[in-house]
Amino acid sequence: MIVILGAGPAGAAVALGLRTLGYSVTLVSEWRRFAALEGVSVRVLEALRGAGLHQALADATLPSQRQVAWNGQQHAQNVEFLVDRPRFDQGLREDLRRAGVELIEGRVLSVQALATGHRIEMEGREALLADFLVEARGRQAPALGKGLRGPETVSLLNRWQGTPGSTASAVESLEDGWAWMARRADGQCYWQWTVDVASAQLPGKAQLLDYCRQRRHGSALAREFFGLAPEVDLQLHARSSTAILCPQVCGDNWIRVGDAAMAVDPLSGNGIFQSLSSALQAPTVINTLLRKPERAALAQRFHQARVEQLFWRFARIGRDFYADEQRWLEQPFWKARRHWPDAQPAHAEPDFQALRIERAPVLKDGYVDETDVVITADQPLGIWHVQGVELAPVVRRLQTEPAEQALAGLTVEQGRMVRSWLLSQGFKP
Ligand code: FAD
């Protein structure tokens, strides 16, 4: 029996993928303990749709023009979509039910590894035995030894009822952190303040709500954004938002996906996207572990490498956002973040001469397989094909043959796509 823990976007995407491959799946999850709005881009909506999570999107997203106030400059950026997480999470469960996933609502207390599987202890229920375990409990998943952590960060989510108006969102850098704010047409208001745990000097729990209010009212942008209406039913929820990479994300009979495998800084607004990225490949990895155990090491290597690569890429993108803010270089919040995780560029320059061909794991016909791929500066895990054309043989031929000859035999469309890829890699015909 395959058991998934956690019904967030990652757990749901794995469950649906496994159902498509013909597996029966049991999913155990409790509900999130707080309401939140989260902002996503149109590509996240497409990825969610692609994963079959249609109900989750049905009435949980609202388009919103986002304002950005960063490094003393203010501008209106592209549209983001506001996801109402309680509705979204409800929709995820509806998608799971429709796909025939057995859903158990409840809290998991502990998971014990047995010789042949896992024993899952639940609150107020009999324990469950699983042959294969998918850990998708998000940031609440128990830590697996010492992983990699970014600067310790906490986000204080303030939520209240204001007066109805139009949907909007904004992000603002502050001397000791940054704030994301959103307003829904029905008057629900959110202000999320992200600060450095070590240096924020926050007051105790009893004073925190007042302290947040005072800080919010101190921001001209927030005053303008929310207006002067009274803040009815004001509530506070603190969430850790430290970037975390789990040291191991796959074994012979378990896998970690989503925030349980790695969680990114919310500044990038990419959390849901990232959690889906690691989840979408997981059903094929699981299928390989279960049906072709002789490829277990390859499958594990595939999952581990992709999770790590995603983590480093988004950590570096986050670092560059922080580095764009130049007004408070010596403030602990900014100082700690504009150099983490390292100094490597988020995107490496293309260099055709530096392309290498290596054997690497890829997803092929429902399994993890191994084949020749082209390793580029920007894609260290390699690229297998473009428009169905395997790139390693093309790159190999280009080393000794003229382009016309190396690309002969491709359809017009394939030729166009492969040429465009080659040019993007710095190829000079
Ligand atoms: P989750 O969505 O966290 O799902 C985990 C599930 O497991 C939940 O249903 C939970 O109830 C359940 N669970 C946990 N523990 C147990 C247990 N013991 N027993 C049973 N069930 C359990 N992402 C964006 O894309 N845009 C944003 O604007 C954004 N803002 C964010 C702001 C903050 C402050 C933070 C911390 C994160 C933000 N994110 C944002 C990230 C986003 O929330 C996550 O990346 C995403 O939800 C991860 O999906 P997941 O499926 O891995 O885990």
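**Exercise 1. A proline in a loop**

Find where P341 sits in this predicted model, and say which form the peptide bond before P341 takes.

*Solution.* Step 1: go to the loop between α9 (332–337) and β20 (356–364), which is where P341 is placed. Step 2: look at the peptide bond from W340 to P341; omega is near 15°, and the bond is cis. Remember as you work that this model is predicted.

**Exercise 2. Two residues with positive phi**

Locate Q201 and D233, then decide for each whether the residue is buried or exposed.

*Solution.* Step 1: begin with Q201, in the loop between β15 (188–196) and α5 (205–217). Its phi is positive, about 50°, although Q201 is not a glycine. Step 2: check the relative accessible area of Q201, which is 71%; a residue over 50% counts as exposed, so Q201 is exposed. Step 3: move on to D233, found in strand β16 (residues 232–240). D233 is not a glycine either, yet it has a positive phi of about 55°. Step 4: with a relative accessible area of 53%, D233 is exposed.

**Exercise 3. Two helices that cross**

Describe how α2 and α7 pack: what is the angle, and which residues meet?

*Solution.* Step 1: find helix α2 (residues 42–50) and helix α7 (residues 271–291). Their axes are 9 Å apart, and the packing angle is about 35°. Step 2: note the handedness; the crossing of α2 past α7 is left-handed. Step 3: list the partners. From α2 come R43, V44, A47 and L48, and they meet I272, F273 and L276 of α7. Step 4: sort this contact by class, which gives six nonpolar residues, one charged and no polar.

**Exercise 4. Inside the cores**

How many residues does the largest nonpolar core have, and which helix gives the largest share?

*Solution.* Step 1: the largest nonpolar core has 61 residues. Step 2: helix α8 (residues 296–324) supplies the largest share of this core, nine residues. Step 3: pick out the residues with the most contacts inside the core, namely I4, V14, L53 and V134. Step 4: follow V14. Leaving aside neighbours within four places in sequence, V14 touches I4, V134, V257, A279, A282, P283 and I286. Step 5: look for a second, separate core; this one has 21 residues, including A179, C189, L221 and F225.

**Exercise 5. Two partly exposed residues**

Where do R125 and H385 lie, and which residues do they contact beyond their neighbours within four places in sequence?

*Solution.* Step 1: R125 lies in the loop between β8 (118–122) and β9 (128–130). Its relative accessible area is 46%, so R125 is partly exposed. Step 2: beyond those sequence neighbours, R125 is in contact with I104 and E105. Step 3: H385 lies in strand β22 (residues 385–386). H385 is partly exposed, at 38% relative accessibility. Step 4: beyond those sequence neighbours, the contacts of H385 are E390 and L391. Step 5: add a distance for each. R125 and Q112, 13 residues apart in sequence, are 16 Å apart from C-alpha to C-alpha. H385 and D372 are also 13 residues apart along the chain, and their C-alpha atoms are separated by 9.9 Å.

**Exercise 6. The domains**

Which segments make up each domain, and what separates the centres of domain 2 and domain 3?

*Solution.* Step 1: the domain assignment gives domain 1 as 2–62 + 82–150 + 243–337, domain 2 as 153–240 and domain 3 as 352–424. Step 2: taken over C-alpha atoms, the centres of domain 2 and domain 3 are separated by 48 Å.

Conventions:
Residues numbered from 1 in each chain as written. Predicted model: local features only at pLDDT ≥ 70, side-chain atom pairs only at ≥ 80, totals over all residues. Heavy atoms only, no water. Axes fitted to C-alpha atoms, helices over the stretch in contact; angles between N-to-C directions. Helix = DSSP H or I, 4+ residues; strand = E, 2+ residues; numbered from the N terminus. Left-handed = near helix turned anticlockwise from the far one by under 90°. Contact = heavy atoms within 4.5 Å. Nonpolar A, V, L, I, M, F, W, Y, C, P; charged D, E, K, R; others polar. Core = buried A, V, L, I, M, F, W, Y, C linked by side-chain atoms within 4.5 Å. Buried < 20%, exposed > 50% of the residue type's maximum accessible area, 1.4 Å probe, protein only. Domains from an automatic or database assignment.
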